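Thanks for coming. I will take a few minutes on one structure, which you can follow on the screen.

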Amino acid sequence: MTHEQISNFKQKTLQYASGFEVCCYLDSHNYEDKYGKHDCIIAFGAAQELKVSTGNAFNSLKSFVDKNKDWMFGLFTYDLKSEIEDIPNSRNDKLNFPDLYFFVPTNLITIKGDEIQVLKGNNDILEKIDKINLENNAATLNVNIKQKFTRGDYITSIERVKEHIKRGDVYEMNFCQEFFSEDASIDPLSIYHQLTKISPTPFAGFFKIGNKYILSATPERFLSKRGNVLTSQPIKGTAKRSLDLTEDLRIKADLKNSKKEQAENVMIVDLVRNDLTKSAAKGTVRVDELFGIYSFPQVHQMISSISCELSPDVHFIDAIKNAFPMGSMTGAPKLRAMQLIDEYERSKRGAYSGSFGYINPNGDFDFNVIIRSILYNEETAYLSFQVGGAITYESDAEKEYEECLVKASAIMKVLTPNR
C-alpha cells in the first residue's frame with residue numbers, strides 16, 4: 001500500500017472506531033523509533049473494563065492484568081500521585097476523567113509499514129472500514145479560550161518558586177498553567193486530525209472514554225517495556241523553530257549547546273535513573289543518550305534516553321508505579337516538587353501530565369506523556385489544555401511565559417483559527 005492509502009485507511013479506521021463508546025488510537029506518524037513495535041494501533045469496543053479511583057488503583061490494575069493477560073489500553077491520570085505520596089487532590093475538576101482506566105478491546109488493528117493486521121475482531125471489519133466515506137464537513141468549533149493566570153500572575157508565581165529554589169527546597173520544578181473554555185463545543189475527531197496535521201508527533205493519540213476525549217500531539221514517551229528492558233525518554237529543553245533554514249539551524253545548535261537547558265535536562269535524567277533503580281536488576285541502569293536534539297514542526301526538543309533491565313522480582317505494573325508521575329512533569333526532588341506544584345498551580349492536572357498507552361499479552365507496554373493535548377468533556381462542555389516548563393535557579397520568568405505560548409501554539413492555531 002502507498003503512504004497515501006495507509007493515511008486514508010487510518011482516517012477511515014479512526015472514524016469507525018470513534019463511533020464506539022471506548023476507543024484508543026495511537027500513531028507514531030512514521031517517526032523512526034528503535035523502541036517501537038507498531039506504527040499505529042487502533043483499539044475499540046470494550047470486552048472488559050477497569051475504572052478505579054486513587055487509593056488502590058495500581059494494585060487493581062495488577063490484578064486486572066494478571067487475570068486477563070490480553071491486549072489492554074488505558075489511562076493513568078496525574079492524580080494517582082496521591083496513591084504514591086501523601087499529597088491531596090484538592091482542586092475542582094470539570095473534566096472528570098477516571099483516575100485510572102483500562103479496557104480490553106473487542107477490536108484491534110495494527111499497522112507496521114504497509115502491513116495491516118486485524119489482531120482482534122470480526123473478519124469483515126476491514127470491509128466495513130473500506131466502505132466508509134470520510135467526512136469532510138466543517139468542524140463544529142465554539143470555544144472562548146481563557147487563562148487561569150494573567151501574564152503578571154504567572155511571572156509572580158515563578159519568582160516565588162525561585163525563592164524555594166534559592167532556599168534549597170527544590171532544584172527544579174515543573175510549573176504549569178491552564179487554558180480553558182467553558183460551554184465549549186467541538187468535533188473531537190476533526191480537531192484531532194487538524195492538530196496532528198499541524199503537529200505530527202511520535203506519541204500522538206486519540207482516546208475516547210464515553211463522552212470524554214484526549215486529543216494528543218505529544219512528542220514524549222513516559223515508559224516502555226520490550227522484553228525485560230524498560231526505557232524512559234524525558235524531554236527537557238525547548239526552542240521555537242524558524243521558517244528561515246539558517247536561523248532554524250542556529251536555534252537548534254543554540255539549544256544543543258545551552259548550559260541552562262543541559263542543566264535542566266540532566267537533573268531529570270538523574271531523577272529518572274533513580275526511579276528506574278527501584279525496578280532494575282542491579283547495575284543495569286544506564287543513560288543511552290544524553291541531550292539528543294529532535295525536531296518537530298513547532299519546536300526543537302532536547303530528549304535523553306534512560307534504560308534498565310527489569311528485575312525478575314518486580315511486577316511490570318510496579319515498575320510503572322515506581323516511575324510515576326514522570327520526572328519531566330514534576331521536578332527534583334520529586335516529592336517536594338509535587339507539593340509545590342499543588343501549592344502554586346491553579347488547576348487540577350487530572351489527565352494532563354498523566355499517561356496513556358497499551359499493554360500487550362506478553363507484558364510489553366508503551367506509554368506517552370500527556371502534554372500538547374486537548375482534554376474535552378462533551379457532557380460538561382468543558383475544554384482544557386495546559387502548558388508548562390521546568391523552573392530552575394537560572395530561569396527567566398518572562399522567557400518561561402513565552403516558552404509556554406510556544407508550546408501552546410499548535411493547539412491555539414487549531415482552536416482559534418481566525419485569530
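**A loop, two cores and a shared helix**

I start with G283, which sits in the loop between helix 8 (259-277) and strand 15 (286-295). Keep in mind that this is a predicted model. Is G283 buried or exposed? Its relative accessibility is 78%, so G283 counts as exposed. Along the chain, G283 and C308 are 25 residues apart, and their C-alpha atoms are separated by 8.5 Å.

Now take N174, in strand 8 (residues 172-181). Relative accessibility here is 2%, and because the cut-off for buried is under 20%, N174 counts as buried. What does N174 touch, if we skip residues up to four places away in sequence? The list is K236, S328, M329, T330, I341, E345, R349, G389 and A390.

Next, the nonpolar cores. The largest has 63 residues, and within it F73 and F76 touch the most other members. Strand 4 (residues 100-112) is the top contributor to this core, giving six residues. Leaving out neighbours within four places in sequence, F73 has contacts with C24, L26, I41, A43, Y101, F102, F103, P105, L108, F207, G357 and Y358. There is also a second, separate core of 58 residues, and among its members are A17, L195, F206 and Y213.

That leaves the helix packing, with helix 11 in both pairs.

The first partner is helix 5 (residues 151-167); its axis and that of helix 11 (residues 397-415) come within 9 Å and cross at roughly 125°. That angle makes helix 5 oblique to helix 11. The crossing of these two helices is right-handed. On the helix 5 side the contact uses R151, Y154, I155, I158 and E159, and on the helix 11 side A397, E398, E400, Y401, E402 and C404. How do the residues of this contact of helix 5 with helix 11 divide? Six are nonpolar, five are charged and none is polar.

The second partner is helix 6 (residues 188-198), which packs on helix 11 at an angle of about 135°, the axes being 9 Å apart. Helix 6 and helix 11 are therefore oblique to each other. Helix 6 also passes helix 11 in a right-handed crossing. Here helix 6 supplies I191, Q194, L195 and I198, while helix 11 supplies A410, I411, K413, V414 and L415. By class, the contact of helix 6 with helix 11 has seven nonpolar residues, one polar and one charged. L195 in this contact is also one of the residues of the second core.

Terms used
Residues numbered from 1 in each chain as written. Predicted model: local features only at pLDDT ≥ 70, side-chain atom pairs only at ≥ 80, totals over all residues. Heavy atoms only, no water. Axes fitted to C-alpha atoms, helices over the stretch in contact; angles between N-to-C directions. Helix = DSSP H or I, 4+ residues; strand = E, 2+ residues; numbered from the N terminus. Parallel < 35°, antiparallel > 145°, perpendicular 65-115°, else oblique. Left-handed = near helix turned anticlockwise from the far one by under 90°. Contact = heavy atoms within 4.5 Å. Nonpolar A, V, L, I, M, F, W, Y, C, P; charged D, E, K, R; others polar. Core = buried A, V, L, I, M, F, W, Y, C linked by side-chain atoms within 4.5 Å. Buried < 20%, exposed > 50% of the residue type's maximum accessible area, 1.4 Å probe, protein only.
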